[in-house]
Amino acid sequence: HLRRASWITSLRTFLARLWPHPLPVAKKQMAIASIGAGLGLMITSLTSHWLLGEVNLWFVAPMGASAVLLFGLPNSPLAQPWSIVGGNLVAGVIGVTTAMYVPYPAVACGIAACLAIAVMFQLRCLHPPSGAVALTAILGGSGVQQLGYQFILSPVLLNSACLALLAIIFNNLAGRRYPHPLAANEPKTNPVALEVPITRDDLHQALENGQLLDIDEDDLQQLLQRAEEIARRRQQL
């Protein structure tokens, strides 16, 4: 009887996790992200169409997912200019090469995704939509297959570079620091001595005043607690 009650409690807890927490982001940032993504995709599409005309492909669908990151989460390591350009190039090369030498699409997709993720980690250009670029090179049909390695330059590189450039311009005009990482010669934030405990609600309210961060408040609170423990051990040495 106790086992059954424990199982039911665990099931309820798991089901409760499926209900998403409210996104802690300012309404202004929501509007900026939506408008930026729309404009970025529109201009990238028009530019690619103008340069490539009606010859073969001139736009790839994974750019839609990239736009969500570049304009909705511009502070994420996965949304930086090198992430989209480098990640899509890596995925394109691996996807086209795999399609040429592996005749079974299901096997080719698995191999391409595995290799693309591993290489993107090593080159510091992990970009989730790049996985779709690798699959597009394999499953994109005869039009993509006829392009061969040309697919990497156009439309992949053209789309990626154009969207990254527009993200740099738009995000900075909107008052966001992008690319987000600070350079080595830029001043870093000084350590802050916290004299009061910080709760999850405190973190939620603080996050609501700025851009969307790709981290849950509970995870952020645990991260702060671990950082505090590490700082204490460092002071005791």
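This is a short tour of one protein chain, from the whole fold down to a single serine. The model is predicted.

**Whole chain.** Start with the cartoon view. The protein chain has 10 helices and zero strands. Follow it along the sequence and the pattern reads α-α-α-α-α-α-α-α-α-α. Now switch to C-alpha atoms and align the view to the principal axes. The atoms fill a box of roughly 65 × 55 × 40 Å.

**Surface and interior.** Turn on the surface. About 15,100 Å² of the protein chain is exposed, and carbon and sulfur atoms supply 65% of that area. Next, colour by burial. Of the 237 residues, 33% count as buried.

**Contacts.** Draw the contacts with a sequence separation of 6 or more. Residues 24 or more positions apart make up 75% of them.

**Charges.** Select the charged side chains. There are 15 positive and 13 negative charges in the protein chain. Place a marker at the mean position of each set; the two markers sit 5 Å apart.

**Helix 4.** Select residues 81–101, which form helix 4. Zoom in on Ser83, which belongs to this helix. Is Ser83 buried or exposed? Ser83 has a relative accessible area of 2%, under the 20% cut-off, so the residue counts as buried.

**Around Ser83.** Which residues does Ser83 touch, leaving out those up to four places away in sequence? Show Pro77, Leu78 and Asn88, which are among them. Then add Cys125, Leu126 and His127, which Ser83 also touches. Keep these residues as sticks, with helix 4 (residues 81–101) as a cartoon behind them for reference.

Definitions and conventions: Residues numbered from 1 in each chain as written. Predicted model: local features only at pLDDT ≥ 70, side-chain atom pairs only at ≥ 80, totals over all residues. Heavy atoms only, no water. Helix = DSSP H or I, 4+ residues; strand = E, 2+ residues; numbered from the N terminus. Buried < 20%, exposed > 50% of the residue type's maximum accessible area, 1.4 Å probe, protein only. Contact = heavy atoms within 4.5 Å. Areas by Shrake-Rupley, 256 points an atom, 1.4 Å probe, with all protein chains shown as cover. Lys, Arg positive; Asp, Glu negative; His and termini not counted. Charge placed at Lys NZ, Arg CZ, Asp CG, Glu CD.
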